[in-house]
Amino acid sequence: MKYFSFRVNGVVQGVNFRDWAKKIATSNQISGYIRNASEGHVEGEAFGPAQSMDDFKTLLHRGPRHAEVTSVDISDEKAVESAEEIGWKLNRFEIRR
C-alpha cells in the first residue's frame, strides 16, 4: 500500500479535473480526496495499492482533456502495510469543496 499528498498546478480548475481524478481513483481502489484551492491549483491526499498509486501519480501529470498541467508536487509519499499504520480513515475517494 502507498500514501501521498499531491498538488497539481496549471489550468486545473473548471476543466473537470476533480471528477476525472475521482473516477480514476475509484476504479483503482484508491481512497482519499481532492479539492480546489483558492490559489488556482487542486490538491488532495490518496491511499491505495502501490501500483495503482504509481499509475494515479502518472495520470495526475496528464489530467483530463482540457487541463493544462504545468507541475505536480507529491509529498509525504510512504509505503505502508496498512491504513492503520498512518491513521488513514477514508474508505472512498471524495471531492471536497
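**Strand β3 and its surroundings**

I will begin with a pairing: strand β1, which covers residues 2–11, and strand β3 are joined in the antiparallel sense over seven bridges. Please keep in mind throughout that what we are looking at is a predicted model. Within that pairing, if you look for the residue of β3 that bridges to Arg-7, you will find Glu-43.

Strand β3 also has a partner in β2, residues 31–36, and here six bridges join the two strands, which again run antiparallel. In this second pairing, Phe-47 of β3 is the residue that stands opposite Ser-31. The connection between β2 and β3 is a hairpin with five residues between the strands, and Gly-40, which lies in that turn, has a positive phi of about 105°.

Now, how much of β3 is covered? Of the seven residues in this strand, which spans residues 42–48, five are buried, so that one can call the strand mostly covered. One residue of β3 that I would like to take up by itself is Ala-46. Is Ala-46 buried or exposed? Its relative accessibility is 0%, and because buried means under 20%, Ala-46 counts as buried.

As for what surrounds it, and leaving aside residues up to four places away in sequence, Ala-46 touches a set of residues that includes Lys-2, Tyr-3, Phe-4 and Phe-6, then Ile-30, Ser-31 and Gly-32, and also Met-53, Phe-56, Trp-88 and Phe-93. A further pair to look at is Ala-46 and Arg-92, which are 46 residues apart in sequence, while their C-alpha atoms are 9.7 Å apart in space.

Let me now step back to the chain. It has two helices and five strands, and read from the N terminus the order of these elements is β-α-β-β-α-β-β. The radius of gyration is 12 Å, close to the 13 Å that the globule rule gives for 97 residues, and the chain is therefore as compact as a globular protein of that length. Along its principal axes, the C-alpha trace spans about 35 × 25 × 25 Å.

Turning to contacts, if we take those between residues at least 6 apart in sequence, 76% of them join residues at least 24 apart. Of the 97 residues, 42% count as buried, and the accessible surface of the chain comes to about 5500 Å², with 44% of that belonging to carbon and sulfur atoms. Finally, on charges, the chain has 14 positive and 14 negative ones, and the mean positions of these two sets are 7 Å apart.

Technical notes: Residues numbered from 1 in each chain as written. Predicted model: local features only at pLDDT ≥ 70, side-chain atom pairs only at ≥ 80, totals over all residues. Heavy atoms only, no water. Buried < 20%, exposed > 50% of the residue type's maximum accessible area, 1.4 Å probe, protein only. Helix = DSSP H or I, 4+ residues; strand = E, 2+ residues; numbered from the N terminus. Pairing = 2+ DSSP bridges. Rg over C-alpha atoms; globule rule 2.2 N^0.38 Å. Contact = heavy atoms within 4.5 Å. Areas by Shrake-Rupley, 256 points an atom, 1.4 Å probe, with all protein chains shown as cover. Lys, Arg positive; Asp, Glu negative; His and termini not counted. Charge placed at Lys NZ, Arg CZ, Asp CG, Glu CD.
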